[in-house]
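This report is an introduction for a reader who has not met the structure before. Please look at the sequence and the model first, then read on.

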Amino acid sequence: MNIEEAKSVLNTLSKEFDSHEFIRKYIQDFTVSYGQLLIERKQVELAHGAIGIFLSQHSDELGINCTGKHKSIDIFNNESSCATWSKL
């Protein structure tokens, strides 16, 4: 993942979103990059954790702020906890 990809995904999301929403859109728009991330991390959970870390580490540049956590539906249709975000 890179800043340009993240900004592109963010441009399609609402002002308030969560990590699961971001990941679903990232997979849809950047399938090859997501596949490379899966290969590097070797597990879906580690790849998705890396996406969350990327968002946190680049939040200023991306113009987003973590607002907490909540439960939502992940890409496997399971309910799990994830970060919530707000665009600044």
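The text below goes through the pocket, the residues around it, a salt bridge, some distances and two loop residues.

The model is predicted.

**The largest pocket**

The largest pocket holds about 290 Å³ of space. It is lined by 18 residues, and the closest to its centre are His20, His48, Gly49, Ser81 and Cys82. Helix 2, helix 4 (44–57) and strand 3 (79–87) each supply at least two residues of this lining. Helix 4 gives the most, with six residues. Sorted by class, the lining of the largest pocket has seven nonpolar, eight polar and three charged residues.

**His20 and Cys82**

Two of the residues closest to the centre of the largest pocket, His20 and Cys82, can be described further. His20 has its place in helix 2, which covers residues 19–29. With a relative accessible area of 8%, His20 is under the 20% cut-off and therefore counts as buried. The side chain of His20 makes a polar contact of 3.4 Å with the side chain of Ser80. Not counting residues up to four places away in sequence, His20 touches Ser72, Ile73, Asp74, Ser80, Ser81 and Cys82.

Cys82 belongs to strand 3. It is also buried, because its relative accessible area of 6% is under 20%. With residues up to four places away in sequence left out, Cys82 touches Asp18, Ser19, His20, Gly68, Lys69, His70 and Ser72.

**Helix 2 and the salt bridge**

How many salt bridges does the structure hold? There is one. It is formed by the side chains of Lys25 and Asp29, at 3.2 Å from N to O. Lys25 and Asp29 both lie in helix 2, four residues apart, which is about one turn of the helix. Asp29 has a relative accessible area of 32% and is therefore partly exposed, as this value lies between the cut-offs of 20% and 50%.

Glu21 has its place in helix 2 as well. At 30% relative accessibility, Glu21 counts as partly exposed.

**Ile73 and Ser59**

Ile73 lies in strand 2, made up of residues 64–73. It is partly exposed, with a relative accessible area of 38%. Leaving aside neighbours within four places in sequence, Ile73 is in contact with His20, Arg24, Asn78 and Glu79.

Ser59 is found in helix 5, residues 59–62. Is Ser59 buried or exposed? At 16% relative accessibility, Ser59 counts as buried, because the value is under 20%.

**Distances between residue pairs**

The table sets separation in sequence beside separation in space for four pairs, with the distances in space taken from C-alpha to C-alpha.

| Pair | Apart in sequence | Apart in space, C-alpha to C-alpha |
|---|---|---|
| Cys82 and Gly49 | 33 residues | 9.7 Å |
| Glu21 and Cys82 | 61 residues | 9.9 Å |
| Ile73 and Ser59 | 14 residues | 23 Å |
| Ser59 and Asn78 | 19 residues | 26 Å |

Cys82 appears in two of these rows, once with Gly49 and once with Glu21. Ser59 also appears twice, with Ile73 and with Asn78.

**Two loop residues with positive phi**

Where does Lys42 lie? Lys42 is in the loop between helix 3 (31–41) and helix 4. Its phi is near 70 degrees, a positive value in a residue other than glycine. Lys42 has a relative accessible area of 69%, which is over 50%, so it is exposed.

Asn77 is found in the loop between strand 2 and strand 3. The phi of Asn77 is near 65 degrees, again a positive value in a residue other than glycine. Asn77 is exposed, with a relative accessible area of 62%.

**In short**

The largest pocket has about 290 Å³ of space, and His20 and Cys82 are among the residues closest to its centre. His20 is buried, and Cys82 is buried too. The salt bridge joins Lys25 and Asp29, both in helix 2. Positive phi values are found at Lys42 and at Asn77.

Definitions and conventions: Residues are numbered from 1 along each chain as its sequence is written. This is a predicted model: local features need pLDDT of at least 70, side-chain atom pairs count only at pLDDT 80 or more; totals for chains, interfaces and linings use all residues. Side-chain values use heavy atoms; hydrogens and water are left out. Buried means under 20% relative accessible area, exposed over 50%, partly exposed in between (1.4 Å probe, protein chains only). A polar contact is a pair of N or O atoms within 3.5 Å; within protein, one must be able to donate a hydrogen and the other to accept it, and residues adjacent in sequence count only if both atoms are side-chain atoms. Contact means heavy atoms within 4.5 Å. On a 1 Å grid over the protein atoms alone, a cavity is a set of points where a 1.4 Å probe fits but cannot get out, and a pocket is an open set with protein on both sides within 12 Å along at least five of seven lines; lining residues have an atom within 4 Å of a point. Grid points are joined across faces, edges and corners, and a volume is the space filled by probe spheres set on the points. Ala, Val, Leu, Ile, Met, Phe, Trp, Tyr, Cys and Pro count as nonpolar, Asp, Glu, Lys and Arg as charged, and the others, Gly among them, as polar. A salt bridge is a side-chain nitrogen of Lys or Arg within 4 Å of a carboxyl oxygen of Asp or Glu.
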